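Hi there,

Here is the structure I promised to pass on. Have a look at it first, and my notes follow underneath.

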Amino acid sequence: MNLKEYQQDSLDYLEKFFKICKESNNPAHAYEEVTREWFNTPLYYRPLPTLPNTPYICLRIPTGGGKTLVGGLAIERINHSLLFTRHSVTLWLVPSETIRYQTLKALREPSNLLHQSVFSSLGEVTILDVDEALHIQPATLNGSNVIIVSTMQSFKQEDTDRLNVYKQSGSLMPHFENINDSEKGNHSLVDVLRMRHPFIVVDEAHNQGTSLAFETLARFEPSTILELTATPDRSRQPSNVLYSVSAAALQTADMIKLPLELVRRENWQDALRDAIARLNSLQEKANSEKTSTGDYLRPIMLIQAERHNTEKETLTPERVKIALLNDFKIPEEEVAIATGVIDEIVDEDILSEKSKKRFIITIDKLREGWDCPFAYILCTFRNTNSATAAEQVLGRILRMPGAKRKINQELNEAYAFVTSANLQS
């Protein structure tokens with residue numbers, strides 16, 4: 001397959017790191033050597049306190065850069081250059097159910113680029129969620145590359161007795177035949193994975209860096225931990241960024257929409273009114289684009305509402321939806337709420353021509369790596385003081401549909417309408 005140049009570079013630097021690790025058995029040395037090459041100076045390596053000898057590195061790839069694809073292709077690199085094996089186990093950890101569903105879907109659908117790339121590079125592949133992994137048999141682990149996609153929460157808890165992955169399972173007993181009692185543990189899924197020393201991919205790693213999370217990772221005795229994120233941790237446990245991709249590289253590769261036009265309005269109705277006007281203008285451009293190229297495009301507005309607060313009036317998703325329907329006369333079929341409590345698009349392919357959705361109202365889902373390349377406009381009514389949070393929210397509207405520049409320049413750009421004077425961009 002033809003990777004973007006920065007994706008190929010990310011994987012090449014990762015493979016160099018694996019090879020030096022194998023030769024030297026020293027992650028710090030490998031990290032210094034690789035960062036010296038791309039950064040022109042060796043960077044300081046920070047091992048995990050819970051896993052001081054385990055390679056722990058990060059690829060920084062901005063939102064829209066295809067970091068999931070890079071993570072999938074990294075499995076072949078570690079098999080070839082560090083583990084020297086044909087088949088391995090990968091535990092792919094994500095911060096939310098939304099991303100877990102997206103990742104599983106992408107890995108399983110034959111038409112998806114991630115599926116095609118992973119199966120092409122690895123050959124025999126088995127994709128599992130945690131419930132399926134609870135019944136995995138040794139023959140599956142021995143005969144294929146197994147990728148288990150899970151939220152961190154499925155494994156992360158101080159009281160491990162409450163989680164099925166730590167409980168003894170009769171289905172897993174064949175894994176412990178002819179194994180020393182000292183290594184069997186509780187005959188649980190975690191014990192099965194521990195004995196296989198999995199490659200751990202931590203997706204959206206900025207959401208996972210807690211002491212409990214690192215203790216959880218240590219329970220697997222992993223061969224390597226690879227973080228994938230647009231915003232590496234710089235404080236609690238600073239990420240060892242092995243290679244960093246710039247937004248300019250993504251723009252050159254037609255992966256993201258830039259520039260980003262930012263408009264501030266004091267009044268939320270004014271912000272929403274102007275955002276709707278821009279959306280309608282973009283739809284006219286999209287219609288023209290389809291006439292010229294045949295490519296279907298329906299620009300979508302993501303609206304970030306506020307949480308309900310009993311002490312003051314807030315712009316909740318329900319209130320924003322009523323305003324769209326009543327004050328701006330938006331057809332109800334074009335509006336959906338997608339929050340942790342209500343999800344009106346969970347079973348809908350919003351990129352399909354059959355979908356009518358143009359307005360998606362949410363609260364924090366925008367920060368969870370939610371992938372919607374038709375999203376062109378962000379309208380947010382929330383104060384955002386964190387630079388990391390702002391980058392994550394704005395990143396939701398930067399992905400370029402089809403990774404291809406459009407004839408109409410306005411469709412190559414992204415737009416944000418905000419009421420907060422504190423939004424950092």
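In this predicted model, 7 strands form an open sheet with parallel pairing, in the order β3-β4-β2-β5-β6-β1-β7. The edge positions belong to β3 (125-129) and β7 (241-244); each has a single partner strand, so one side of each is left without a neighbour in the sheet. On average, neighbouring strands of this sheet are turned by 20 degrees against each other, direction ignored.

If you want to follow one strand pair by eye, try β1 and β6. Strand β1 covers residues 56-60 and strand β6 covers residues 224-229, and the two pair in the parallel sense over 5 bridges. A handy place to start is Tyr 56, whose bridge partner in β6 is Ile 225. As general background, strands of a sheet pair through backbone hydrogen bonds, either parallel or antiparallel.

There is also a helix to look at by the β3 edge strand. Helix α5 (residues 113-122) lies across β3 and β4 (145-151), and runs at about 130 degrees to β3.

Now for a pocket. The second largest pocket holds about 240 Å³ of space. It is lined by 12 residues, and the closest to its centre are Ala 247, Leu 258, Glu 391, Leu 394 and Leu 398. What kinds of residue make up the lining of this second largest pocket? The lining has 7 nonpolar, 3 polar and 2 charged residues. Helix α14 (residues 387-395) supplies the largest share of the lining, with 3 residues.

Happy browsing, and best wishes!

Methods:
Residues numbered from 1 in each chain as written. Predicted model: local features only at pLDDT ≥ 70, side-chain atom pairs only at ≥ 80, totals over all residues. Heavy atoms only, no water. 1 Å grid on protein atoms, 1.4 Å probe; cavity = no way out; pocket = protein on both sides within 12 Å on 5 of 7 lines; lining within 4 Å. Points joined across faces, edges and corners; volume = space filled by probe spheres on them. Helix = DSSP H or I, 4+ residues; strand = E, 2+ residues; numbered from the N terminus. Nonpolar A, V, L, I, M, F, W, Y, C, P; charged D, E, K, R; others polar. Pairing = 2+ DSSP bridges. Axes fitted to C-alpha atoms, helices over the stretch in contact; angles between N-to-C directions. Contact = heavy atoms within 4.5 Å.
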